[in-house]
There are 2 protein chains.
Amino acid sequence: MTRAEPADVPGDGAPKTTPDRLRRRASRLLSQLSTRSDRLINEGLAQADARKWHYAVLASLQDHGPGSQATLSRRTGIYRSDMVGVLNELAERHLVERAPDPDDQRRNIITISPQGRRRLRRLDKILDDLHDELLAPLSPAERDQFVQLLTRLLDYHTRTS
Amino acid sequence: MTRAEPADVPGDGAPKTTPDRLRRRASRLLSQLSTRSDRLINEGLAQADARKWHYAVLASLQDHGPGSQATLSRRTGIYRSDMVGVLNELAERHLVERAPDPDDQRRNIITISPQGRRRLRRLDKILDDLHDELLAPLSPAERDQFVQLLTRLLDYHTRTS
DNA sequence: GACTAACGTTAGTGAAACTAACGACGTCGG
DNA sequence: CCGACGTCGTTAGTTTCACTAACGTTAGTC
């Protein structure tokens, strides 16, 4: 009540005060961009008979070494319920190997195979190209900044969850 | 380009030599952050018996004036198939009014009601708070930059689709 | 007056993120 | 040693989201 009705826009003063709140809301920008990004990536990877989960798991294995399914789950953010299927697909293609852990019979130890490594290199290149398209309008410096901002936000929200 | 093969990293040391390509991929950062953002926003809005679609439609009506369902669909990015349900929910709550367009009998003209306006103000406040939490780790300047980068990316990808 | 296109609507698809519950196994406290 | 409890892999199911297909209806166009 202290404030006047913003009214229906007829060009009165202070046009900048309420410009398109929709376009400004970070949450909305995020989810829309994420949708498009996902589609871009999925389509790109589909042409190589891969999904983004495949990449996530292979990269995790390469970077952090072998691990149990639960470990991979935590590293990649894929739910362990869904990890089963992903690993099945990867194992079918002989990109990973699933072997029982001798020290703990509950676990499987997942290792990346030589083919898996080759595959990962291939996917890395594909993803490089796709990200080039994804980030096309940004300069190299801006891309770094963007990634850095995203990282900080994500870190914050994973710590506090 | 130093193309150092990261190799398998035996031992459990998890050294920093291979700075996690996963964490660097913008697509991954985007989709993970978007997931958390969505959850944050949805939970926040749910406590006010609202969904983000409600906000999108109400804000669009307030900022751009009344319109047909198809128009709203284009403005908000909601598919016209899904728009039906959203408008039903909004109409149930008397936040919008759906009236046949006298000039074109195919269309409905959707208008925001006074209650809808009040609602929108309320949701705007809620969203302000939620975004404060979402962007917590960023300084005001960084937040602007973040939004600006997102906007440019999204614009680019909507133009080229 | 026939064609085409846009409208609102209904139904359904596929993927993603998550929950619940299971039997099998390990670990720890008493 | 034993029971309580947590973890592991797995199966099944839920919900939500973005999207497609098809429909009858209505408008504009030739």
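This briefing looks at how two protein chains sit on a DNA strand, at one helix, and at how the chains pair up.

The model is predicted, so local features need pLDDT of at least 70 and side-chain atom pairs count only at pLDDT 80 or more, while totals for chains, interfaces and linings use all residues. Residues are numbered from 1 along each chain as its sequence is written, chains are lettered from A and ligands numbered from 1 in the order written, and side-chain values use heavy atoms, leaving out hydrogens and water.

**DNA strand D**
- There are 23 residues around DNA strand D (near means a heavy atom within 4 Å), and the closest include Arg39(A) and Ser81(B).
- Sugar and phosphate make up 70% of the strand D atoms that come within 4 Å of the protein.
- By type, the residues of this surface split into four nonpolar, eight polar and 11 charged.
- A polar backbone atom of Ala70(A) is 2.6 Å from a phosphate oxygen of strand D.
- For Gln105(B), a backbone N or O atom lies 2.8 Å from a phosphate oxygen of strand D.
- Tyr79(B) uses a side-chain N or O atom, 3.0 Å from a sugar or linking oxygen of strand D.

**Helix α2 of chain B**
- Helix α2 (residues 26-46) of chain B has 21 residues and spans 29 Å from first to last C-alpha, close to the 30 Å expected at 1.5 Å a residue.
- Its buried residues (under 20% relative accessible area, 1.4 Å probe, protein chains only) include Leu29(B), Leu33(B) and Ile41(B).

**Pairing of chains A and B**
- Chain A superposes on chain B by a 180° rotation with 0.0 Å of shift along the axis (RMSD 0.0 Å), by least squares on C-alpha atoms of residues with pLDDT of at least 70 in both.
- The two copies are thus related as by a two-fold rotation axis.

Methods. Polar contact = N/O pair within 3.5 Å; in protein donor to acceptor, adjacent residues only side chain to side chain. Nonpolar A, V, L, I, M, F, W, Y, C, P; charged D, E, K, R; others polar. Helix = DSSP H or I, 4+ residues; strand = E, 2+ residues; numbered from the N terminus. Expected span 1.5 Å × (residues − 1). Buried < 20%, exposed > 50% of the residue type's maximum accessible area, 1.4 Å probe, protein only.
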